[in-house]
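Subject: Structure for your review

Dear colleague,

Please find below the structure that I am handing over to you. My notes on it follow directly after it.

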Amino acid sequence: MEDAPVIDRDRIAATERLIRPYVRHTPSIIVDAGDFGLASAPLVFKLEFLQHTGSFKPRGAFANLLTRKAPDAGVVAASGGNHGAAVAFAAMRLGIKATIFVPKVTSPAKLDRICSYGAELIVTGEAYADALAASEAHIAATGALRVHAYDQPETLLGQGTVGLELEADRPEIDTLLVATGGGGLVGGIAAWYAGRTRIVSVEPEAAPTLHDALKAGRPIDAPAGGIAADSLAPRQIGALMFPIAQRFIAQAVLVTDDAIRDAQRRLWDVLRVAAEPGGVAALAAPLSGRYQPSKGERVAVLLCGANTNVVDFSK
């Protein structure tokens, strides 16, 4: 039996040094919780939606493409949209051919992103699992290099650099709220903090992937629907991150689609930031009361994606 790949602070730090020339160190800001109707200590927002391609995903994409040699057939990714855009962007920057498979639920904003980076885009199936199956068939036929959205060591290591940055900028935080889909982001971040900061996973009720896996004690099939289905709705949580979650994720909370929509509206009203549903899901937890900070608790919220057409500037 092969040893499990090491996802730890040393390897995350090494990955950060490798990808640093290719990604942005995104800022964090302190906001008055009262502006959002919360009676708590000020909140820290990590503005990872300011990353290249509008989400955190380029970190994992560059970690893959800088450490794994792509064949002439190039690289292949299955995605709800953001990972595909990131792989397409990284491939464009590094001169590598990319083919991206996405399901029909992928938002137009994400389709436009992928196409703008010159990748071949294939839209197939109703859900992420369908696009993943189609990508696997393509890999078998062509020998292209798979770049998995979340269940790949390099992906976890790249996403973990979000935690490294945040700790460097805001070492005072007690708790970090992170939206969870396949678990690459929250798993990488949890591996970085390794229990020194409380990590809380936030998922839609319609896609309780990690929540259900933790309850069952193993990754299991979960519903894959809801407003954030193009970013937070895989069929199962990643096998590589699951042991990390068991050790280092303090709590997995669920939020409704209505709470996510409300978080989008309130983020726009207060900060004039337009975030996609998956990108703002973590904020929905305190706003809806699904996560209630204790008195004086210093909470950070990761805002991780903004690929949305919700704002129409033509008007």
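Val178 has a relative accessible area of 0% in this predicted model. Because the cut-off for a buried residue is under 20%, Val178 counts as buried. The residue belongs to strand S7. Leaving out residues up to four places away in sequence, Val178 touches Leu185, Val186, Ile189, Ile199, Val200, Ser201, Val202, Ala282 and Leu302. Val147, by contrast, is 31 residues from Val178 in sequence and 22 Å from it in space, C-alpha to C-alpha.

The setting of Val178 is a strand that is mostly covered: five of the five residues of S7 are buried. Which residues lie on each face of S7? Thr175, Leu177 and Ala179 are on one side, Leu176 and Val178 are on the other, and all of them are buried, so that both faces of the strand are covered.

S7 (175-179) is part of an open sheet of six strands, whose order is S1-S2-S10-S7-S8-S9 and whose pairing is mixed. Strand S1 (28-31) and strand S9 (249-255) are at the edges; each has a single partner strand, so one side of each is left without a neighbour in the sheet. On average, neighbouring strands of this sheet are turned by 25° against each other, direction ignored.

The pairings in the middle of the sheet may be described in turn. S7 pairs with S8 in the parallel sense over five bridges, and Thr175 stands opposite Arg198 in S8. Between these two strands the chain passes through H7, and the resulting β-α-β crossover from S7 to S8 is right-handed. S7 also pairs with S10 in the parallel sense, here over three bridges; Thr175 stands opposite Val299 in S10. Strand S10 (residues 299-303) in turn pairs with strand S2 (residues 43-47), again in the parallel sense and over four bridges. In that pairing, Leu47 is opposite Leu303 of S10.

Two helices that lie across the sheet deserve mention. Helix H7 (residues 184-193) lies across S7, strand S8 (198-204), S9 and S10, and runs at about 160° to S7. Helix H10 (residues 257-271) lies across S1, S2, S8, S9 and S10, at about 95° to S9.

H7 also packs against another helix. The axes of helix H6 (residues 153-169) and H7 come within 7 Å and cross at roughly 55°, which makes H6 oblique to H7. The crossing of H6 and H7 is right-handed. On the H6 side the contact is made by Leu156, Gln159, Gly160, Val162, Gly163, Leu164, Leu166 and Glu167. On the H7 side, Gly184, Leu185, Gly187, Gly188, Ile189, Trp192 and Tyr193 take part. Leu185 and Ile189 of H7 are also among the residues that Val178 touches.

One further residue should be recorded. Is Asn64 buried or exposed? At 0% relative accessibility, Asn64 counts as buried. This residue is found in helix H2 (residues 58-65). Apart from neighbours within four places in sequence, Asn64 is in contact with Val147, Gln152, Glu154 and Thr155.

With kind regards

Terms used
Residues are numbered from 1 along each chain as its sequence is written. This is a predicted model: local features need pLDDT of at least 70, side-chain atom pairs count only at pLDDT 80 or more; totals for chains, interfaces and linings use all residues. Side-chain values use heavy atoms; hydrogens and water are left out. Two strands pair if DSSP finds at least two bridges between them. Axes are lines fitted to C-alpha atoms, for helices over the stretch in contact, and angles run from 0 to 180 degrees between N-to-C directions. Contact means heavy atoms within 4.5 Å. Buried means under 20% relative accessible area, exposed over 50%, partly exposed in between (1.4 Å probe, protein chains only). A crossover is right-handed if, with the strands pointing away from the viewer, the path from the first strand over the helix to the second runs clockwise. Angles under 35 degrees count as roughly parallel, over 145 as roughly antiparallel, 65 to 115 as roughly perpendicular and the rest as oblique. A crossing is left-handed if the near helix is turned anticlockwise from the far one by less than a right angle, and right-handed if clockwise.
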